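Me: I've got a protein model open and I'm not sure how to read it. Can you walk me through it?

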Amino acid sequence: MNLHDLWPALAALEGLHIETIGSAAAVLTTGSFIPQAWLTFRTRNVSGISLGMYSAFTVGVALWLVYGLAKGSWPMTVANGITLALALAILGMKLRYGRAGQPPAN
């Protein structure tokens, strides 16, 4: 049994409609991530970010990027490429600034 059998409306969403849905999802999910990333870059406050969760999230986004490339889906590839770059930057800040939002002492 495939998804079209479970939800017949999916059968009508072929080609361009599917790419439009994927593009809208990419814009919304990546766009919603940008304000939080910008706030983190601006304040360098990473105290509310879990290192374990953010590490898993970043690896997950990297895997979605690989999947998007393998499937040839440009919305998935572009969205996850942008999100991965932002996630890596925030993860780097978490590792550098830790809990206090300050650079480590020398």
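**Reading the model, step by step**

Reply: Sure, let's start with one residue and its neighbours. In this predicted model, Met 93 touches Thr 40, Phe 41, Arg 44, Val 46 and Gly 98, leaving aside residues up to four places away in sequence.

Me: Okay, and which residues make up the largest nonpolar core?

Reply: Here's the general idea: in soluble globular proteins, nonpolar side chains tend to be buried together. In this chain, the largest nonpolar core has eleven residues: Phe 33, Ala 37, Val 46, Ile 49, Tyr 54, Leu 86, Ala 87, Ile 90, Leu 91, Met 93 and Tyr 97. Helix 2 (16-43) and helix 4 (74-97) are the elements that give two or more residues to this core. Helix 4 gives the most, with six residues.

Me: How many helices and strands are there in the chain?

Reply: You'll find four helices and zero strands. Going along the sequence, that reads α-α-α-α.

Me: Which contacts should I look at to see how the chain comes together?

Reply: Look at how far apart the partners sit in the sequence. Among contacts between residues at least 6 apart, 66% join residues at least 24 apart.

Me: What about Trp 74, is it buried or exposed?

Reply: Check its relative accessible area, where over 50% counts as exposed. Trp 74 has 54%, so this residue is exposed. You'll find Trp 74 in helix 4, and together with Val 78 and Ile 82 it makes a nonpolar surface patch of about 310 Å².

Me: And how much of the chain is buried?

Reply: Buried residues make up 28% of the 106 residues. As for the outside, the accessible surface comes to about 7200 Å², and 70% of that belongs to carbon and sulfur atoms.

Me: Where is Arg 44 found?

Reply: Arg 44 is in the loop between helix 2 and helix 3. Take a look at its backbone: phi is near 60°, a positive value in a residue other than glycine. The relative accessibility of Arg 44 is 41%, so Arg 44 counts as partly exposed.

Me: Last one: which helix has the lowest mean pLDDT, and which the highest?

Reply: A rule to keep in mind: where pLDDT is low, the predicted coordinates should not be read in detail. Among the elements here, helix 1 (residues 3-6) has the lowest mean pLDDT, 58, and helix 3 (residues 51-71) has the highest, 95. Over the whole chain, the average pLDDT is 84, and 77% of the residues score at least 70.

Key. Residues are numbered from 1 along each chain as its sequence is written. This is a predicted model: local features need pLDDT of at least 70, side-chain atom pairs count only at pLDDT 80 or more; totals for chains, interfaces and linings use all residues. Side-chain values use heavy atoms; hydrogens and water are left out. pLDDT is the predictor's confidence in each residue, from 0 to 100. A nonpolar core is a set of buried Ala, Val, Leu, Ile, Met, Phe, Trp, Tyr and Cys residues joined through side-chain atoms within 4.5 Å. Buried means under 20% relative accessible area, exposed over 50%, partly exposed in between (1.4 Å probe, protein chains only). Contact means heavy atoms within 4.5 Å. Patches are made of residues with over 30% relative accessible area and no salt bridge: like charges are joined within 9 Å, nonpolar side chains (Val, Leu, Ile, Met, Phe, Trp, Tyr) within 5 Å. Accessible areas come from the Shrake-Rupley method with a 1.4 Å probe; for residues, only the protein chains shown count as cover. A salt bridge is a side-chain nitrogen of Lys or Arg within 4 Å of a carboxyl oxygen of Asp or Glu.
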